[in-house]
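I opened the notebook to keep track of what I look up in this structure, entry by entry. The order follows my own curiosity.

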Amino acid sequence: MTPVLNVSNLGINFGGLQALDDFNIQVKNREIVGLIGPNGAGKTTVFNLLTNVYPPSRGGITLTGQNTLGKATHEITKYGIARTFQNIRLFKSLSVIDNVKIALHNSMNYSLLQAVLRLPSYWKQEAAATEVCMKLLAVFNMEELADATAASLPYGAQRRLEIVRALATNPKVLLLDEPAAGMNPSETAELMHTIHDVRDKFDVAIVLIEHDMSIVMGICERILVLNYGLIIAQGTPEEIRNNILVVEAYLGQQRGE
Amino acid sequence: MPKLLKSTPFRYALNATAAVGLYAVIMALINTGILNRYQALMLIPIGFNIILAVSLNLTAGFLGQLPLGHAGFMSVGGYAAALFSMSVNLPTNIELPLALVIGGLVAAAFGVLIGLPALRLKGDYLAIITLGFGEIIRVIILNLKFTGGAYGLKGIGRQTTVTWVYIFVIITLYVISTLIKSRHGRAILSIREDEIAAEASGIPTTYYKVLAFSISAGFAGIAGGLYAHYLSILDPSTFGFMRSVEILVIVVLGGLGSLFGSVISAVVLTILPEMLRGFAEYRMVIYSLLLVVVMIFKPSGLCGRYEFSLGDTIDNFFSMIRGSLIKKGGGSDDASA
């Protein structure tokens with residue numbers, strides 16, 4: 001099976017610092033891949049390069065066979081990469097449903113003139129968008145919160161809303177940046193279910209950055225370990241657990257067992 | 001009844017009726033002499049200040065950027081409209097709207113030209129660069145032959161009437177409020193909320209910044225055209241930095257992100273200096289004091305982000321009455337049972 005996301009020799013330098021080098025990954029459809037490593041290893045940088053928040057210094061990125069390297073971030077979103085952020089970035093003072101509708105922007109195509117004159121295409125597409133939003137929110141049991149302000153949601157719901165918003169762009173690959181950060185164990189357990197559900201219901205591949213090893217070991221089919229901008233190991237959770245390099249660089253210190 | 005009130009066509013009909021009704025009231029007040037000639041003339045500056053404030057609110061309140069060159073766009077539109085109407089000879093009722101549309105389009109084109117480089121910057125930097133552009137426009141107009149230079153442009157037809165101002169105020173409010181509630185408007189709001197997240201959600205942020213900026217400039221241009229045909233003379237020195245700040249003060253006082261607030265604030269801040277004329281030298285002190293007091297006690301502006309909706313207000317009114325009726329009805333039901 002051809003991979004949905006194919007990244008080869010990706011790298012970036014910030015001045016003299018090589019933040020990431022020689023990064024290769026092939027993600028298959030519906031695969032859940034974990035990306036771990038100590039702080040500052042370059043995990044979020046990978047996401048920022050994939051979405052062109054920083055233009056990569058070198059390397060190639062193809063998404064379902066199309067080259068997305070050097071394309072603007074909003075273009076890449078159209079090709080099918082969506083992401084969440086380490087520090088939640090919602091449209092805070094807007095309603096929950098508007099947060100999701102903004103991500104549906106490109107699925108509508110009525111023009112400015114049609115919008116201002118309120119022509120039928122406006123009404124039709126807006127009604128369809130509202131329906132899509134409500135369906136998406138319903139999947140996450142958030143339909144009753146549709147009119148609430150995003151900032152007023154509890155922390156866990158804000159994290160979920162970010163995932164809903166990312167899914168609204170109809171991605172093929174979903175990048176989750178520390179989705180369990182700041183969650184308690186029961187919320188974390190719920191999140192693991194959610195991530196599985198998302199993969200099954202939306203048919204997406206998921207790349208996940210996470211420090212919580214119970215999540216990474218629990219749901220990832222494959223794990224990549226980064227340290228100082230280089231991949232030091234990759235394999236199944238079992239292989240990673242027993243990899244001496246990883247234990248030395250990371251797990252040994254973290255778990256302290 | 002409640003269903004009819006909630007239906008969208010009814011809401012539009014309601015708002016249209018209200019707009020026509022308000023116009024009828026204003027004209028009646030003028031014709032019966034309740035508003036004297038001087039007060040009637042005040043309606044015109046109130047009108048173009050509303051247009052200026054509402055249009056600036058699109059960039060300052062909804063897009064979340066802080067431009068300080070709104071007077072520059074106003075002058076571009078004003079000169080373009082005036083030069084057009086002076087060079088053609090059409091019936092007034094065709095010439096004026098045509099001139100205003102041309103003024104608006106020229107100002108919008110300048111908005112694109114200036115917006116493209118300026119909107120790469122944010123916050124203070126954008127404020128300073130737009131301030132610079134505003135001054136550049138003023139100095140260029142000051143030094144051009146066909147704009148009359150420092151003598152000003154004289155002999156512009158005095159064609160602005162209360163009716164035309166009213167029509168363009170309504171158009172401005174209609175266009176900007178419908179724009180905000182569309183996918184384009186949501187894109188603009190998302191940039192204010194979080195630009196990185198907007199871009200990641202597939203919003204071409206640069207495009208929408210420039211779009212909002214140039215629509216805002218376009219309406220400022222229309223206001224400039226109304227201004228030119230109201231005073232019949234254009235003087236570049238009236239479009240300086242202070243003018244831009246005055247408009248910004250109206251927007252901030254009304255509430256960044258509230259069109260209703262901008263309208264109220266424009267009315268109050270246009271009338272207030274006139275009403276304070278009796279206090280002579282203390283006029284500006286009182287004016288400034290008012291601004292300070294509002295900013296201390298209501299930093300988000302008079303209206304915050306509140307939007308007035310006639311339909312909702314009537315709905316609430318009826319549901320209040322219904323609520324009290326049901327309470328009474330409920331009481332009697334209990335009694336009978």
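**Where the chains meet**

I began with the interface, and found 20 residues of chain B in contact with 26 residues of chain A. I kept in mind throughout that this is a predicted model, in which totals for chains and interfaces use all residues. Which elements of chain B give two or more residues to the side that touches chain A? I listed α7 (162-180), α8 (183-193) and α9 (195-200) of chain B, and noted that α8(B) supplies the largest share, 7 residues. Sorting the residues on that side of chain B by character, I obtained 9 nonpolar, 6 polar and 5 charged.

**Chain B as a whole**

I then looked at the make-up of chain B, which has 14 helices and 2 strands. Its radius of gyration is 22 Å, close to the 20 Å that the globule rule gives for 337 residues, so I noted chain B as being as compact as a globular protein of that length. Along the principal axes, I found that the C-alpha atoms of chain B fill a box of roughly 90 × 60 × 45 Å. I recorded 42% of the 337 residues in chain B as buried. Taking the contacts in chain B with a separation of 6 or more, I saw that 81% of them come from residues 24 or more positions apart.

**One residue of chain B**

I picked out B:Ile30, which is found in helix α2 (residues 8-31) of chain B. Why does B:Ile30 count as partly exposed? I counted 17 C-beta neighbours inside 10 Å of B:Ile30, and since a residue needs 20 or more to be buried and 12 or fewer to be exposed, that count falls in between. Leaving aside neighbours within four places in sequence, I noted that B:Ile30 is in contact with B:Leu35, B:Ala40 and B:Val162. I also checked B:Ser262, which lies 232 residues from B:Ile30 in sequence and 24 Å from it in space, C-alpha to C-alpha.

**The open sheet of chain A**

Turning to chain A, I traced an open sheet of 4 strands in the order β2-β1-β4-β5, with antiparallel pairing. Its edge strands are β2 (17-27) and β5 (66-67) of chain A, each of which pairs on one side only. I found 2 bridges joining β4 (residues 58-63) of chain A to β5(A) in the antiparallel sense, and in this pairing A:Thr62 stands opposite A:Asn67. Helix α1 (residues 43-50) of chain A lies across β1 (5-14), β2 and β4 of chain A, and I noted that it runs at about 70° to β2(A).

**A covered strand of chain A**

Is strand β7 (residues 173-177) of chain A mostly covered or mostly open? I found it mostly covered, with 5 of its 5 residues buried. In a regular strand the side chains alternate between the two faces of the sheet, so I took the faces separately. A:Val173, A:Leu175 and A:Asp177 on one side are buried, as are A:Leu174 and A:Leu176 on the other.

I next followed the pairing of β7(A), which 3 bridges join to the parallel strand β6 (residues 81-83) of chain A, with A:Ile81 opposite A:Val173. Strand β8 (residues 205-209) of chain A also pairs with β7(A) in the parallel sense, over 5 bridges, and the partner of A:Asp177 there is A:Ile209. From β7(A) I followed the chain through helix α7 (residues 185-202) of chain A to β8(A), and recorded this β-α-β crossover as right-handed.

Key:
Residues numbered from 1 in each chain as written. Chains lettered and ligands numbered in written order. Predicted model: local features only at pLDDT ≥ 70, side-chain atom pairs only at ≥ 80, totals over all residues. Pairing = 2+ DSSP bridges. Right-handed = clockwise from strand over helix to strand, strands pointing away. Contact = placed C-beta atoms within 7 Å. Nonpolar A, V, L, I, M, F, W, Y, C, P; charged D, E, K, R; others polar. Rg over C-alpha atoms; globule rule 2.2 N^0.38 Å. Axes fitted to C-alpha atoms, helices over the stretch in contact; angles between N-to-C directions.
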